[in-house]
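Let us walk through this structure together, one step at a time. Keep the sequence and the 3D view open as you read.

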Amino acid sequence: MSTITIDGQSVPFEDGETIYEVSRRLERDVPTLCYDDRLEAFGACRLCVVELEGARNPVASCTTMAADGMVVRTATEAIERHRKTLMDLVVSENPKGARIDPLRGLASQELAHLAVRYESDGSRFVGKQSGTSRPDDTNPMILRDYDNCISCYRCVRVCAEREGDYAISVANRGFETQITTEFAGLLEDSDCTFCGQCVQTCPTGALGDLRSMEAQDQPGEFEKTRSICPYCGVGCSVDILTKNEKIVGVQPAMDGPANLGALCVKGQFGWDWVDSDERLTQPLVRKDGKLVPASWEEAWERAAKGFKSVVEKHGRHAVYAVASGRAPHESAYSVQKFVRYGFGTNYVDNCSRA
Amino acid sequence: MSNPLVDMEKPDVIFCIGTNMTETHPVAATRLKTAIRNGATLICADPRKIPLARMADLHLPLRVGSDVALLGAMAHVIVRDGLTDEAFIAERTEGYDALVKHLETMTPEWAEGICGVPAADIERAAHLYAGAERGAIYYTLGITEHICGVDNVQSLSNLVLLTGNIGREGTGINPMRGQNNIQGAGDAGALPNNYPGFQPVTNPANQAKFAQAWGREVDLELGITKVRALEQCGESIFAMLICGENTVVSDPDRAHCEHALDALEHLVVIDMFLTETAERADVVFPAAGWGEVDGVFTNTERRVQRVRKAVEPPGSAKPDWEIIAGIARAMGLGDGFPYQSAKDVFNELCQLSTTYAGLDWDRIDKGEYHWPVPDREHPGTPILHLGEFPRGRGLFVTPGYRDPAETVSDDYPIWLTTGRRLAHYHTRTMTGRAKGPDWLVPEELLEVHPDDVQRLSLVDGGVALMKSPRGEVLIKVKATDQSPRGTVFCSFSFGDVRVNDLTGAGYDPITDTAELKVCPVSVEPAGARV
């Protein structure tokens, strides 16, 4: 069996595994910025460099395939010094990194965390910046704050490789590099479907979830609750973000079995109805032709009385119930049991026929 | 779906029919895009040039409602050209000889005359699908929302059985379920013909099981579908409980639906909002909704997953199960609803369901199981029909082509077909109150081919008057070659464009599903009506 030695530990590997993947399997903390599990390895940020015996220079572990007999060291002093220099360079044009609110997106803290780890504060190198923000794009969902862009291309790659939308691309090179759409226009005029995948993979917060960011100035931390998207039948796993007992956003669950981190515009940005002023907050009963607020006891009594009187007048087959395909099982189960247990009929259906 | 979502990346030939998946199930569609990027061939049958059609190797732009002709002709070619999987047919099917005879006259040339797809393209589609190592079919409401919805599904089933594209990884016949828990609502027994777990109500053993479990007498007869119940409002149905459905807007023939509900003596609605349906109720209960309740959803691949409470519901709103238990208590039926939590309700369902028998609330915490899970040792069933079909052998059926309930005429010369838009969900109860999606698609547009815009003296961006025998709507026109000539498209999502005033000419005789995909209309400039 083929084996590779990583930091003195000899391990087998599978065909096609990279040094980075094997290292991660061994829980080696190899830093990355341009890496996203779901995307083809790209080798742009070079932070994942490791020492490979027999190679003249450090190699990018994310793009180097493991091979039999390789001897790799992931965190020598020289490698860490190398990474520190890379981080100092990256941070030099993104000094704001540490102040990016985590509500911007799932991966938005990656740069800030590495800046702390390598004590990079932007003071070592001073000079030009790449990426220009697009305040002219006033869409209410995706912030395009490219001043914070580090050209890792994760947004471009997720849009192409995972979404298949190819809505965004890269223009120019070096310090002139700019993430853009065709004809450098607005997202709404491009092939963008506002699925938000670019936002969630951005490691610097250069792309941000504008809806969540509305809550960034509120005091306190946000919490996450694992759930399932309320829209179509795909059943994407999401984390509901809450702050001060309000929902403030949704992030995709990267380990969601149905979606593997993907969402669409509805799942990503379509949650704010929950807090709508138009939500019903108390029972209503009809009095003198009008629906007026009532206590729960009164409403329950009124509902029960109506069903009982119809059964008395017209028989038990005069009552019908429709369950929701939007509510959980416990709702539909209760509706059908109400009919079968309560009236001894099968006069129940759900809303799937329309 | 017969196969799990992960299988969508594995077919070498994908046949999508009646599904605008990139808009209705966008995340599932990303998997198909991956398959295509990896070299899979895509056949897309749809009247419109939808995004999947633009991605396809072969687009079959059939006339709305002509699926049986197209699919029958594909089956004809598969048999004629010896592309069948003979071993599969011999081992796992029955009725083959009758099918062969039935298909004799369903030639590609015959089908071309009905569905408008060139015979050569029908032949090519048949050869591609039958030649697949792993051929997979995906469909949505474009197959089922017809008077011949069952015939359409059976026609697809014939293709599957002829070619053995079932019971293996990356194959199958895969309906994409539209609502987050429409699968679960059926699983939980909210059906007139089945107890929880799809146990038929007419089976004496099942009747005895539920009578004993609940300590109540049960009906020995089938219930009726919602469509029939609405028809009988004021005649034999006098009270209704509607939970989480905006029936008035989502159902066909709105006027009929409003009259039906108004004819009731007692209407109770449970909803999060005062919908058009709730406005007609005698009692409205405020429901706690998504993010506010614990519970279970089952997705389109039969994966049973937990939803969790993140925030308190507004005001005194409660979960549906608590509301219903309250009504039951007030009727003296409290003993049947002793639940303290959603977990209690779900676990009772698992105890009574054969498909969930191996599950309970704690076991589904990570969402690993695809039903059926018949016992506690069972790992779940990602792929159905591995060695056998539920009835044993797969049965070939012989559906013939039927015209839609209404066909185009001098008075109504244009086909209207309805559907969904990516940014919105159903009647916009939710997305209409979500800032992003509402900004993205703020209004409904009637998609009309540019040649028709000119022919009908319409103006791109102007307002048209669209009529059917049941009603009329004013709607803004968008010129686009996404619609074929002679067919127009819009969604029913917007309350100010009441498209379901027009639809509802007919229903499938077996499922009572409305023919929402076909409605002959007239379209003319709105003129002074604006």
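The word "domain" will come up often here: the bounds of each domain come from an automatic or database domain assignment. With that in mind, chain B is divided into domain 1 (5-176), domain 2 (179-222 + 287-369), domain 3 (224-286) and domain 4 (414-529). Before going further, note that this is a predicted model, in which local features need pLDDT of at least 70 and side-chain atom pairs count only at pLDDT 80 or more, while totals for chains, interfaces and linings use all residues. Residues are numbered from 1 along each chain as its sequence is written, and chains are lettered from A and ligands numbered from 1 in the order in which they are written.

Look at domain 1 and domain 4 of chain B, whose centres, taken over C-alpha atoms, are 27 Å apart. Their contact takes 20 residues from domain 1 of chain B and 23 residues from domain 4 of chain B; two residues are in contact if their C-beta atoms, placed from the backbone, lie within 7 Å. On the domain 1 side, helix 1 (21-24), helix 9 (141-144) and helix 10 (149-163) of chain B each supply at least two residues. Helices here are DSSP runs of H or I with at least four residues, strands are runs of E with at least two, and both are numbered from the N terminus. Which helix gives the most to this side of domain 1? Helix 9 of chain B does, with three residues.

Chain A has its own division, into domain 1 (3-75), domain 2 (94-275) and domain 3 (284-353). The centres of domain 1 and domain 3 of chain A, again over C-alpha atoms, are separated by 62 Å.

Now to the inside. A nonpolar core is a set of buried Ala, Val, Leu, Ile, Met, Phe, Trp, Tyr and Cys residues joined through C-beta atoms within 7 Å. A residue is buried if 20 or more other C-beta atoms, placed from the backbone, lie within 10 Å of its own, exposed if 12 or fewer do, and partly exposed in between. The largest such core has 247 residues, and those with the most contacts inside it include Ala321(A), Val335(A), Ile14(B) and Ile43(B). Helix 4 (residues 67-80) of chain B brings the largest share of this core, ten residues. Another core, of 29 residues, lies apart from it, with Val64(B) and Phe494(B) among its members. Returning to Ile43(B), its contacts include Ile14(B), Leu60(B) and Tyr129(B), not counting residues up to four places away in sequence.

Strands from both chains meet in an open sheet of seven, in the order 14(A)-13(A)-11(B)-10(B)-9(B)-15(A)-16(A), with mixed pairing. Two strands pair if DSSP finds at least two bridges between them. At the edges are strand 14 (290-293) and strand 16 (348-350) of chain A, each pairing on one side only. Strand 15 (residues 319-323) of chain A runs parallel to strand 16 of chain A, with three bridges between them; there Val322(A) has Asp349(A) as its bridge partner.

Finally, an unreviewed UniProt entry lists "domain: Molybdopterin dinucleotide-binding" for residues 414-520 of chain B; UniProt annotations may be inferred rather than shown by experiment, feature names are shortened, and positions are in the numbering used here. This span is 11% helix and 30% strand, and its end C-alpha atoms are 5 Å apart. Strand 15 (residues 414-419) and strand 20 (residues 519-525) of chain B run antiparallel, joined by three bridges, and Trp415(B) is partnered with Pro520(B).
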